[in-house]
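With the model open in your viewer, please follow the selections below in order, pausing at each one before moving to the next.

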Amino acid sequence: MTAQKQARPPSVPTGHGGPTYQDIIGRDSTPVPDVLALRSNPPQSVEDIPVEHFISQSFFDLEMEKMWPKVWQFVCREEHLAEVGDYWVYDIGRHSIIVIRASDTELKAYHNSCLHRGTKLKPSGSTGFSRDLQCPFHGWTWSLHGSLEHVPCDWEFPHLDREANRLPEVRVETWNSFVFINMDAGARPLIDYLEVMPQHFENWRFEGWHTYQIIEKELACNWKVALEGFMEAYHTPLVHPEMTHVVGDWNMQHDIFGDHTSRDLCPLGVSSPASKLGLTEQDLLDRSGLGDPSTRKQAKVTPGKTARIAMAEQVRKQFSERYGIDLSHLSDAECIDSLKYNIFPNTILYGGPGLPQIQQFLPLGNDPDRCLFVSWGFRPVAPDAARPEPAEPYRLKEEESFTSAPGINEFSGRVLDQDTSIMRWQQEGMHASAKGAQTLSNYQESRIRRIHETLMKYVNDTLPN
Ligand code: FES
Ligand SMILES: [Fe+2]
């Protein structure tokens, strides 16, 4: 492998010849909030990334030992843990954690392992309701608050210190109705770990929203291969050629805020510099994948407006009519664009009301070549509507198309199929690599580089806690 050690030149994201994201939003009908007007892409090294980060068992083991037990990880929504006794089992590699509501005001999280002989207290991947935590093997039973309440044949255990055999706890905290865990008792609070997110999401509150869809699929690749495929649009012209006409892929803005957070801002309703169709504003609106297809067909771009402005007007109208929610305080960009925030290590949360979703990437078992991809979809609940039960995970088989998942939008399903089918090729190709490394672009893939920089800080114990 040949390492390239020079610092990269200042990024010039206009090398594609098209407008920047800031240029595009500057032509909208509304000013954007400060958080969308800022840019932050500090210089980074341009060193290659070793393929060992993706394919080696020893690197995978290092991640399991040094990184996963130290980071805040998204688990589920508070709505999944609404009643006392509601639980959710979160599995990350070989770690397994039960998150459970212990009282109206308290969530608890425990390592999912019996203190008798180690059996999992709840099956991996399960969710449900439980009055207590009873081991399915011999019946040792803990309260929801973690105290050991019952040991069958307790005369056999005069040596058992019940207080020392409380269930070992895992940190659990919430933000914006999202539940996170951290296995490190000394970890900084979630709110600090999230860096700019609480400030940036002040306009984008998801309390009261509901989860209408959770689709899971096992993928034949490392968790970072899957994650990083969602962190750049450099691949769009080859993997999603039809999208280049209506999405400003290469125009995307990439921002890095700290060790744990970064984002890309992708303009919708404009053509990529890679598109040669020369679409009109009306064409762009007609082809837009956003909003209600039945009304989009009739919508017109009136003189002086753009497809983006018309799309934002549609989104505001739909939110008002369907949910009684007023979006007049939000800019056009917040209503329609893809505002993708990464929370290190494995969660992507979209800001704004237009594309509310999470994408999550989880190592599976002990295998660097496999991961679980999870796609979460959220919707508001109208004030006078009955609150629907939150969705539970629906697991697709590896050979099944995302378009076969119940309730999925056909277009999104096809895009996810395109994204995930290339990942097996990348994983297999890295095993076949003579170069032994990846060479990243200096802007469009800068946030991928930051993932590896932060990962190495955890692996090398150089991140101050
Ligand atoms: S292993 Fe859990 S009670 Fe025996
Ligand atoms: Fe993609």
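Two residues are taken to be in contact when their C-beta atoms, placed from the backbone, lie within 7 Å. With that cut-off in mind, and remembering that this is a predicted model, select Val-99 and display what surrounds it. Leaving aside residues up to four places away in sequence, Val-99 touches Val-75, Leu-81, Tyr-87, Trp-88, Tyr-90, Leu-107, Ala-109, Val-172, Val-179 and Ile-181.

Next, widen the selection to the nonpolar core. The largest such core has 109 residues, and Ile-98 and Val-99 are those with the most contacts inside it. Helix 11, residues 307–323, gives the most to this core, contributing seven residues. Colouring by domain is useful here, for the core draws at least three residues from each of domain 1 (21–59 + 196–459) and domain 2 (73–190). As a general matter, nonpolar side chains in soluble globular proteins tend to be buried together.

Now select strand 3, residues 86–92, which is mostly covered, five of its seven residues being buried. On one side, strand 3 pairs with strand 4 (residues 95–103) through six bridges in the antiparallel sense, and within that pairing Asp-91 has Ser-96 as its bridge partner. The two strands form a hairpin with two residues between them, and Gly-93 in the turn has a positive phi of about 60 degrees. Strand 3 also pairs with strand 6 (residues 127–129), again antiparallel, over three bridges; here the partner of Tyr-87 is Gly-128.

Move on to helix 14, residues 446–459. Its 14 residues should span 20 Å at 1.5 Å a residue, and the end C-alpha atoms are indeed 20 Å apart, so the expected and modelled spans agree. Which residues of helix 14 are buried? They are Ser-446, Arg-447, Ile-448, Arg-449, Arg-450, Ile-451, Thr-454, Leu-455 and Tyr-458. To see what these buried residues pack against, show helix 4 (57–67), helix 7 (223–229), strand 13 (253–256), strand 14 (261–266) and strand 15 (338–343). Helix 14 is followed by Asp-461, whose phi is positive, near 60 degrees.

Finally, zoom out to the whole protein chain, which has 14 helices and 20 strands. Its C-alpha atoms fill a box of roughly 85 × 60 × 40 Å along the principal axes. The radius of gyration is 23 Å, which agrees with the value near 23 Å for a compact globule of 465 residues. Buried residues make up 40% of the chain, and of the contacts with a separation of 6 or more, 65% join residues 24 or more positions apart.

Key. Residues numbered from 1 in each chain as written. Chains lettered and ligands numbered in written order. Predicted model: local features only at pLDDT ≥ 70, side-chain atom pairs only at ≥ 80, totals over all residues. Buried ≥ 20, exposed ≤ 12 C-beta atoms within 10 Å, placed from the backbone. Helix = DSSP H or I, 4+ residues; strand = E, 2+ residues; numbered from the N terminus. Pairing = 2+ DSSP bridges. Rg over C-alpha atoms; globule rule 2.2 N^0.38 Å. Core = buried A, V, L, I, M, F, W, Y, C linked by C-beta atoms within 7 Å. Domains from an automatic or database assignment. Expected span 1.5 Å × (residues − 1).
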